[in-house]
Structures are given as C-alpha cells and as structure tokens.
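Q: I'm new to reading structures, and I'd like a close look at a single part: the place where the two chains meet. Could you walk me through what each side brings to it?

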Amino acid sequence: HPWETVTTAAMRKYPNPMNPSVVGVDVLDRHVDSSGKLHSHRLLSTEWGIPSIVKSIIGTCRTKTYVQEHSVVDPVKKTMELKSSNISFTNLVSVDERLVYKPHPHEPDKTVLTQEAIISVKGVSLSSYLEGLMANTISSNANKGREALEWVINRLNAEIEEFTASARGTMRNSMAAAAFAEK
Amino acid sequence: MNSVGEGCTELKREYDQCFNRWFAEKFLKGESAGDPCGQLFKRYQLCVQKAIKEKDIPIEGLEFMGPSKGKTENSS
C-alpha cells in the first residue's frame, strides 16, 4: 500500500483484532515542529486478560500496563517513525521499539517497514531466557502488526465506499427532487 | 477506542475525528498550516491530564508538555 495509506492507518491502528489487549489510546501532546513534521506523544493502555476474579481482588486500576509512544511524521520526506517504550514495570523490564515507515524505493505503491526492539531485563538469573522469549514474541508480533494495518486499511476503504454510496444516493434524490420541482 | 480516563472518551472521539480528517486530507498533502482541532484538543487534554494524575500513571514531564514544546524541561 502507498505510504500515505499506511501512515493514515498507523495513526488509527487501534482497536484492531490482532491487538486485542490494547484497550485505550490517548494523545498526550501533538504539534507540528518548525520543519513541518508532526510530533505526537501517545499513551497506550493495555489489559492482559487477567481473570476477572483476580481483577475483583486487586482492582481494575492495577491490571493495566502502559506504553508511551512518540511518533514523527514528515510529509515532505515521507517518513513516519514511531518509538515506544513501556512505562509500567520499568523496574523489571524495558522494551523499546522503533518502527519506520517509508515509501518503497522502487515501487511507489508500496511501503517499507523497518522494525527493531531492544529488550532489557533487570535481574540476573532469568534475563537471557526472558529476553529470548520476548524477542520471539516481538518478532511474531511484527507480522501481526502488518496484519493489523491491513485490517485497518480495509476498514478505512469500506468507510470511504459507504460514504461515497450514501453521497451518491443523496445526490440522486436531490436531482430527482429538483427535476420534479421543475415540472 | 476508549480513553484512559473513562469520562474523556467522548471528547477523545470528537478530537480523533477532527484530527484524522485533517491528517489525511491536509497534513499528508502538504498543507499543514492551520489547526482546526485546537479547541477540541485542549478540552480533551485537560480531561486526560486529570485522569492521568488521578491514576498515578508515571509519565515524565507531562505537565511541561505544551503545544510549542517537544522536550521536557525542569522547573526550579
């Protein structure tokens, strides 16, 4: 899909069926800088499907984990960069992700995504096991991320079709009414 | 999609609709001048910041983030 489509979809990525744990998205700050790039700071709230009986004991406020995301969109150079890191459990683990979307250098209707993640686990004994586990999850999630955007893009296209169909219907009605009124 | 603050979801939806339209129709086409969503954003922001404080979410430098600044600053 062309870069503009992917970027628009990435801005509206949640909710989608591939990321059911993301339950909230908020914009903390957004501004266009002096070079025309759009910066957005967002807060993502995630819920990991903790059994409701546990929730009823510890309270729902403590079952959410939070991620903060900073994105920069350059409409001239056509790049979108997203950096996110967890703000919950930072005393245990740090997950920093970076995604960059750019138009494909040879095929203008395609977009290239580069994705990297740095995971550090604090504490000694489980660190290499947990890091390996998280690395696997993150790389399979990368594919999920692509599927998620496909889903959003399809939905956006469906919205456009619906809007066009209803606009056509409205126009036909008003043209018919105008023709009738002329008689 | 909900907001972190339950009472802010409606304000968020209004702002999101405005932003998504501006982003796809103006910003990506190179017309970033003018921000039709400023008022909606301010109202939504106030609600969210309150919710974040209430829920004690550890966001650094939140109170220093403003429309003209991208970096956090320390106050004395």
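A: Let's start with a word we'll need: a residue is called buried when its relative accessible area is under 20%, with over 50% being exposed and anything in between partly exposed. By that rule, 37% of the 76 residues in chain B are buried. Keep in mind that this is a predicted model, and every value here is computed from it.

Chain B first. Its secondary structure is quick to list: 2 helices and 0 strands. Within chain B, if you take contacts with a separation of 6 or more, 44% of them involve residues 24 or more positions apart.

Now, how many residues of chain B are in contact with chain A? It's 30 residues of chain B, and they meet 29 residues of chain A. The area buried between the two chains is about 2,400 Å², and carbon and sulfur atoms give 67% of that. Three residues of chain B stand out here: Met1(B), Phe27(B) and Leu28(B) supply 25% of the area that chain B buries against chain A, more than any other three residues.

What about charges and polar groups? The rule finds 0 salt bridges across the interface of chain B and chain A. There are, however, 9 residue pairs in polar contact between the chains, counting pairs with both residues at pLDDT 80 or more. On the side of chain B that touches chain A, helix 1 (9–25) and helix 2 (38–55) each supply at least two residues. Helix 1 of chain B gives the most, with 7 residues. Sort that whole side of chain B by type and you get 19 nonpolar, 8 polar and 3 charged residues.

To zoom in on one spot, try Ile59(B), which sits in the segment after helix 2 of chain B. Is Ile59(B) buried or exposed? Its relative accessibility is 14%, so Ile59(B) counts as buried. Leaving out residues up to four places away in sequence, Ile59(B) touches Leu28(A), Leu43(A) and Ile87(A) from the other chain, plus Ile52(B) from its own.

Over to chain A. Why can we call its helix 1 largely enclosed by the rest of the structure? Because 7 of the 9 residues of that helix (residues 3–11) are buried. Among the buried ones are Trp3(A), Val6(A) and Met11(A).

In the loop between helix 1 and strand 1 (22–32) of chain A you'll find Pro15(A). The peptide bond joining Tyr14(A) and Pro15(A) is cis, with omega of about 5°. Most peptide bonds are trans, and most residues other than glycine have a negative phi. Chain A has residues that go against the second habit, too. Lys78(A), in the loop between strand 3 (64–74) and strand 4 (79–86), has a positive phi near 60°. Phe89(A) also has a positive phi, about 60°, without being a glycine, and its place is the loop between strand 4 and strand 5 (93–103) of chain A. As for accessibility, Lys78(A) is partly exposed at 29%, and Phe89(A) is partly exposed at 48%.

One last stop on chain A: an unreviewed UniProt entry places a "coiled-coil region" at residues 146–173. In this model that span is 100% helix and 0% strand, and its end C-alpha atoms lie 41 Å apart.

Note on methods
Residues numbered from 1 in each chain as written. Chains lettered and ligands numbered in written order. Predicted model: local features only at pLDDT ≥ 70, side-chain atom pairs only at ≥ 80, totals over all residues. Heavy atoms only, no water. Contact = heavy atoms within 4.5 Å. Buried area = accessible area lost by both parts, 1.4 Å probe. Salt bridge = Lys/Arg side-chain N within 4 Å of Asp/Glu carboxyl O. Polar contact = N/O pair within 3.5 Å; in protein donor to acceptor, adjacent residues only side chain to side chain. Helix = DSSP H or I, 4+ residues; strand = E, 2+ residues; numbered from the N terminus. Nonpolar A, V, L, I, M, F, W, Y, C, P; charged D, E, K, R; others polar. Buried < 20%, exposed > 50% of the residue type's maximum accessible area, 1.4 Å probe, protein only. UniProt positions renumbered as here; feature names shortened; annotations may be inferred.
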